[in-house]
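Here is a friendly walk through one model, with the cut-offs spelled out along the way. Have your viewer ready.

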Amino acid sequence: MSSVDYQLVVGLEVHVQLKTLTKLFCGCSTTFGAAPNTQTCPVCLGHPGTLPVLNREAIRLAIRTGLALNSTIPPTTKWDRKNYFYPDLPKGYQISQFDQPICQGGELKLPGDETSSPRTIRITRAHLEEDAGKSMHDESSGSADSRIDLNRTGTPLLEIVSEPDIRSAEEAKQYLTELKLLLTYLQVSDCNMQEGSLRVDANVNLHLQRGDELVATPIVEIKNLNSFRAVERALVYEAQRQREVFEDTGQRIGEAPKQTRGWDDNLQVTKVQREKEESSDYRYFPDPDLVPIMLPESWVTELKSDLGALPAALRERLKTEFGLSQYDADVIVNQGPDMVAYFEAVASNLKDAKRASNWIQQDVMRTLNDMEYSLADFSIKADDLAKLLQLIEAGELDNSRGRDVYQWLLDHPGTPEEGMKALGIASVGSDDLLDLCKQLIGEHPSAVSDFKAGKKQALGAMIGAARKLNPNANPGKVKDLLSQLISHED
Amino acid sequence: MTTGIESKDVLKVAKLAKLQLTEEEVKRLVDELSQIVGYVDQLSSVDTTNVAPLDHVLDVTDALRDDIVISSLPRESALSNAPKEDGETFLVPPVLG
Amino acid sequence: MTDSAVELTRGFKEGKWTAVETTQLFLDRINANESKVHAFLSVDADRALADARKVDEKREAGESLGRLAGIPVAVKDLICTQEWTTTCGSKMLETYRPPYDATVVEKLQAADAILIGKTNLDEFAMGSSTEHSAFGRTHNPWDLERVAGGSSGGAAACVAADMALLSLGTDTGGSIRQPAAFCGVVGLKPTYGRVSRRGLIAFASSLDQIGPLAWTAEDTALLLETIAGHDPADSTSAPREVPSYSDTLNQPLKGLRIGIIEDHFEEGLNHEISQAIQTLIQWLEDAGAIPEPVRLPHSRYGIATYYVVASSEASSNLARYDAAHYGYRTSNEDAAENLEAMYERSRSEALGNEVKRRIMLGTYALSSGYYDAYYLNALKVRRLIRDDFESAFQKVDLLLGPTTPSAAFRAGEKSTDPLSMYLEDIYTVLANLAGVPAVAFPCGQTGEGLPISAQLWGPAFEEGRLLQVVHQFQSHTEWHKKRPSFS
Ligand SMILES: [Mg+2]
Ligand SMILES: [Zn+2]
């Protein structure tokens, strides 16, 4: 039996924390990291008699996301209660959206790379809901109790649900990467997994060919996926596990209840979570405390015109307007909108946009990485880099001296020209260059005759010698002039 | 529709509602709920074809708020009604996985 | 002094008496009568007198005074008050102090009213007799062996027993009007959305409204004007101006078309009540109004629809009482280490039977497999009921019928049979389901000397017309001047 006689089938539910200043239904701040229970009020504490009032900004951000995902924005949306008991859910229900989500349908296009071709993952829906609080349990504290912090309670979440269109762990990661990138461009979320502003659950099963029949295994929901890597690993693990369970039990979809499993990052396994038979009956019903929200076409149109350039369109632009390869366009677009703007500002001042792309990928990105800077903190502004690359383009200095100037710019305030001056880089005049080459020809007779005999690489030694005589001499120009002079000797 | 509420139904609903019932209460609720649900079943005789459910009696829509921070409660008052707290958080019996 | 709130505040503003004197007078009456009636769950004389003193100082300083300046007002203990425990008549919230005031309480304070006490109720407003209070039942001042009605039994009884002139109740299915009927006072349930629900502890959010109780239409108008209005903190509150109800009380009744709800005069209605309302109809006709018969074809489904909708919402609204963040927590040892046990024991120990029954019914109606048959279907019938009202109000200006099928019943008489208790609300639940305003007012007495009440209904936001009719009836009759003899 072959080891891959099955097809992995995955749908992802991504909870995205929207970047609002206040909670979904009250005016408490959503700032991360405050001391426990200092960002609460009677409403988000679920006190008796309190009533929710909806945050307009959350609606705006949700529509923006839906439009970018090609979802349909319905003319009205409404609110439902999802009933369950949990200490971090003080009302005993979560306000969510059941049958009229704010974003209906949609799709996310995955760009593809060297190993995979572009694909489209369908989106089922995206709905708004309020987040729960945090419960902390520390065995070592000596106390049996769990500690409940309700600061996060009521923070707006957009739950984006994909169709089960994802076919591999790698593809799940691509989906998440592309989704996160899109959300970043839209400025709807910080997408910070450490701070919990992006959370992923996966619904997983296998399709197996058994004779003429296509068999599906029971669907398992995996939780506690705290990083994209965890998602990838959990899916690989889960595929293997479900395959083995199927071999053992032969259980198909519908023959076992839907199971919830948690990913254990330490042990690198999924573990069954305590199954509460009753927990699946959430008794959704329309929240009588909240009225329907109209989403007039004019508002949606306005938001649509305001989306800005998104990753897929930007990749195309970098390819068609600047002649970048798919790979180069991906790398730059994946760095986010600031980097795209930076690239465009540099490249549009150059004849060869590839030079800008190379410098950004090799130098700028490395610097940002090493120094843990964001582009906003980066001292070499686009104008300066453009000027530097123009000087290189004009032959005023070579790449190697260019890097010296780049380093100087990192360490000093000033322009590239000032950097060149400070580093003593002056372009060598044509008379000086001629003198230099004549001197070289005189001092390297054997190299000259080798070159004449057809050994083109013989010039290498002379170019190296030129650098010692005058470090500012542009090696390309030296090479050109030498070959001219030697050819004319005949 | 026949109601046929049995003690297992009562127990299932009690579990959902987080109520612990004595045997006697279960017995009583089987009777009472059967009677009430039996009475309520008259609604199934009303012709509701093409009738949309009424969730809100008023036509108020679009009650929205601007995204402006309002000061939160001092932690002391947030915790002041808590049955058990440690000055920072609410305390509850252990929450497991 | 006077038993009119309108005159009481006028006299206060004119310097005839002080707020402290008035407050002390009502505190004295509470001292004398409360032990027999048990209308209150808390009375804080010191606080009330301190508040009265502040209002007196305000007057002395020549500051402008609010609409209710110097009047003691009682507030049902389902309405949040920061300075007073708010128990909902439940062991669950026996020591609960809300971290905020209800919007109506803020409005009372802004109007310079004096909060005199928090009144008794059926636990979480679930009941029609105030026998389901965890802190003892309220007695009907007209006959202490009888119930005061409910759930706002304390709110009605404190007015009837002269312990307050103005009182705030809440009405989900008749909880203001039925006790007003049993206690012989005026009780008005406003249009849904007319009065902010912020700080009204929810029983059934789509039905609940806060409303006034008083002896007269005039006083009812005064209190309603004070508490009504749009509240941005309540999404279901109507963004509409509040008319001056007091100013339209004397508009002529001539030509007013009054629909007599025929469905409510059929089986089950006590004969004496029927008679009294016939007399009222005659009076209306003499006053120039035009009575005409009207049918509400779906009104007989009112109770069934109401119990499904109200209990479903209640099952969710009362899930917050989980002993984690406020309220009662069991001291049982098993529950210390087991979250489920903590939830179940705390709720079971602190919630009363009627509350449990409704939570169970609502949970059942919403649960998977039953939702469509019960909850969803009830919402559809609810629309049919509302449509009945819309068609009726195409033809007539107001509707008239009885408030209750019979006068106040004896304590214990219905407490063992939940369904018969539910049927008490047969004429009142419809106004909540349709969201329209309705007022109950005394219009007679039974042979046993118990109050008889009529109910007048209007289209949404027509509270002014309801009060106009009641006021003119009261200007020509004496029923609102009858007082129970116990005091
Ligand atoms: Mg969710
Ligand atoms: Zn809050």
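## The ground rules

Buried area is the accessible area (1.4 Å probe) that two parts lose on being put together, summed over both. This is a predicted model, in which local features need pLDDT of at least 70 and side-chain atom pairs count only at pLDDT 80 or more, while totals for chains, interfaces and linings use all residues. Residues are numbered from 1 along each chain as its sequence is written, chains are lettered from A and ligands numbered from 1 in the order in which they are written, and side-chain values use heavy atoms, leaving out hydrogens and water.

## Where chain B meets chain C

About 5300 Å² is buried between chain B and chain C, with carbon and sulfur atoms giving 67% of that area. On the chain B side, K18(B), L54(B) and V57(B) lose the most area to chain C, together 13% of what that side buries. Counting contact as heavy atoms within 4.5 Å, 51 residues of chain B and 68 residues of chain C take part.

## Charged pairs

Four salt bridges (a side-chain nitrogen of Lys or Arg within 4 Å of a carboxyl oxygen of Asp or Glu) are found across the interface of chain B and chain C. One salt bridge joins K356(C) to E25(B), with the closest N and O atoms 3.2 Å apart.

## Domains of chain A

Domain bounds here come from an automatic or database domain assignment. Chain A is divided into domain 1 (5-299), domain 2 (309-422) and domain 3 (430-487). Between the C-alpha centres of domain 1 and domain 3 of chain A there are 67 Å.
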